[in-house]
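User: I want to learn how the labels in a structure description are earned. Please go through them with me one by one.

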Amino acid sequence: MDNLRVSKTKKIKIGNIYIGGDSKVTTQSMTNTDTRDVDATINQILDLEKVGCDIVRCAVPDMEAAEALKDIIKGIHIPLVADIHFDYRLALKSIENGIAKLRINPGNIGSIDKIKLVADAAKAKGIPIRIGVNSGSLEKDILEKHGHVCAEALVESALRHVKILESLNFYDIVISIKSSDVVMMIKSYKLLADKVNYPLHLGVTEAGTTWRGTIKSSIGIGALLAEGIGDTIRVSLTGDVLDEVKVGKEILKSLGYINDGVKFVSCPTCGRTQINLIAIANEVEERLKECNKNIKIAIMGCVVNGPGEAREADIGIAGGNGVGLIFKKGEIIKTVKEEELVEELIREIDKL
């Protein structure tokens with residue numbers, strides 16, 4: 001991980017964790033329940049916690065939702081972010097009710113006096129503010145200046161909101177500048193990273209369905225993290241919110257930002273494969289989805305690359321003609337019939 005973290009941003013406290021600086025890159029999601037439904041929202045957040053969500057955000061469209069945050073926070077274990085648009089009073093009530101972080105655009109919640117009330121209240125309680133700029137909601141004058149949505153326009157908008165908070169002596173700032181265009185998103189964050197040292201929240205907004213959104217998010221978020229840019233991420237999917245966290249965690253694992261938990265290697269299959277490797281790999285992955293052991297597992301289909309990859313793993317299989325060799329720490333420990341392979345492999349993993 002250290003060799004990827006090129007730039008060091010400001011370290012900011014969010015509830016019981018930190019982002020920025022030398023902190024780990026955190027994974028976020030946003031609830032899609034009605035925030036006013038306290039039980040449903042708590043249950044969804046607890047499910048998100050189980051798959052490794054570090055920070056969760058809730059929409060706060062009205063005062064009833066802002067009031068509900070107090071009870072939601074009592075039932076969860078990770079920092080909660082209130083997502084506020086237009087009404088500064090919702091921000092004040094959310095701060096009063098114990099949120100860990102506020103997501104606003106200062107310029108759209110009212111006059112400077114109202115923004116100051118929010119900034120002062122947040123500062124008094126040590127609550128950071130995330131400025132969230134999206135390509136779909138740029139200010140009219142910035143759009144007119146640039147003629148169209150572009151990376152430079154997104155950055156200009158973000159810096160405008162930053163200056164508002166800085167003019168009020170508020171500096172616990174996190175910034176996101178999301179676009180549904182992956183190339184624009186990457187360019188925007190690179191430009192911004194050269195201009196500020198505030199922590200950056202990465203994401204491809206409105207990325208799409210689980211399949212398409214996973215691809216777009218992996219490219220956009222992954223490209224930036226590979227260059228050391230980014231402190232916290234949210235994968236935006238039109239799908240199950242749990243998948244947002246799962247995809248985010250896999251992006252971080254792939255780049256070495258997360259070094260614990262199961263690492264899974266499996267070959268793509270070819271004409272040499274003599275066992276039903278696809279079914280075996282899927283079943284093993286499903287059986288181990290809640291496994292927290294720090295192990296590398298290799299599921300390989302033939303004798304060409306199989307034994308080598310399996311030897312590099314803590315445990316693995318190399319398929320043969322209706323059988324599989326099980327390797328542990330580079331040593332063959334048994335030969336197992338194909339129909340018994342998954343159970344035997346899981347049994348050996350349980351022993352590790």
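Analyst: The protein chain exposes about 15900 Å². Carbon and sulfur atoms supply 50% of that area. Accessible areas come from the Shrake-Rupley method with a 1.4 Å probe, and for residues only the protein chains shown count as cover. This is a predicted model: local features need pLDDT of at least 70, side-chain atom pairs count only at pLDDT 80 or more, and totals for chains, interfaces and linings use all residues. Residues are numbered from 1 along each chain as its sequence is written, and side-chain values use heavy atoms, with hydrogens and water left out.

User: What share of the residues of the protein chain counts as buried?

Analyst: Of its 352 residues, 52% count as buried. The label means under 20% relative accessible area; exposed means over 50%, and partly exposed is in between (1.4 Å probe, protein chains only).

User: Why is Ile42 called buried or exposed?

Analyst: Ile42 has 12% relative accessibility, so Ile42 counts as buried. Ile42 lies in helix 1 (residues 38-50). Helices (H or I, at least four residues) and strands (E, at least two) are DSSP runs, numbered from the N terminus. By that count, the protein chain has 12 helices and 15 strands.

User: Which residues does Ile42 touch, not counting residues up to four places away in sequence?

Analyst: Ile42 touches Asp71, Ile72, Gly75 and Ile76. Contact means heavy atoms within 4.5 Å.

User: Why is Thr31 called buried or exposed?

Analyst: Thr31 has a relative accessible area of 8%, so Thr31 is buried. Thr31 is found in the loop between strand 3 (26-30) and helix 1. Leaving aside neighbours within four places in sequence, Thr31 is in contact with Thr41, Gln44, Ile45, Val56, Arg57 and Cys58.

User: What makes strand 3 mostly covered?

Analyst: Five of its five residues are buried. Thr26, Gln28 and Met30 point one way from strand 3, while Thr27 and Ser29 point the other way.

User: How do you know that strand 3 pairs with strand 4?

Analyst: Two strands pair if DSSP finds at least two bridges between them. Strand 3 and strand 4 (residues 55-59) have three bridges, in the parallel sense. The bridge partner of Met30 in strand 4 is Arg57. Three bridges also join strand 3 to strand 10 (residues 232-234), again running parallel. There, Thr26 stands opposite Thr232.

User: Which sheet has the order 8-7-6-5-4-3-10-9, and why are strand 8 and strand 9 at its edges?

Analyst: That order belongs to an open sheet of eight strands with parallel pairing. Strand 8 (173-178) and strand 9 (201-202) each have a single partner strand, so one side of each is left without a neighbour in the sheet. Strand 5 (residues 80-83) and strand 6 pair in the parallel sense over three bridges. Val81 has Lys101 as its bridge partner in strand 6. Strand 6 (residues 101-104) is covered on both faces: Lys101 and Arg103 are buried on one side, Leu102 and Ile104 on the other. Helix 6 (residues 151-167) lies across strand 7 (129-134) and strand 8, at about 155° to strand 7. Axes are lines fitted to C-alpha atoms, for helices over the stretch in contact, and angles run from 0 to 180 degrees between N-to-C directions.

User: What makes strand 11 and strand 15 edge strands?

Analyst: An open sheet of five strands has the order 11-12-13-14-15, with mixed pairing. Strand 11 (263-266) and strand 15 (331-337) each pair on one side only. Neighbouring strands of this sheet are turned by 20° against each other on average, direction ignored. Helix 10 (residues 277-287) packs on the sheet, touching strand 11, strand 12 (296-300) and strand 13 (315-319). The direction of helix 10 makes about 160° with that of strand 12.

User: How do strand 14 and strand 15 run, and how many bridges join them?

Analyst: Six bridges join strand 14 (residues 323-328) to strand 15, and the two run antiparallel. Gly324 has Val336 as its bridge partner in strand 15.

User: Why is Ile215 called partly exposed?

Analyst: Its relative accessibility is 40%, so Ile215 counts as partly exposed. Ile215 lies in helix 8 (residues 210-225).

User: Which residues form a nonpolar patch with Ile215?

Analyst: Trp211 and Ile219 join Ile215 in that surface patch, with about 340 Å² of accessible area together. Patches are made of residues with over 30% relative accessible area and no salt bridge: like charges are joined within 9 Å, nonpolar side chains (Val, Leu, Ile, Met, Phe, Trp, Tyr) within 5 Å. A salt bridge is a side-chain nitrogen of Lys or Arg within 4 Å of a carboxyl oxygen of Asp or Glu.
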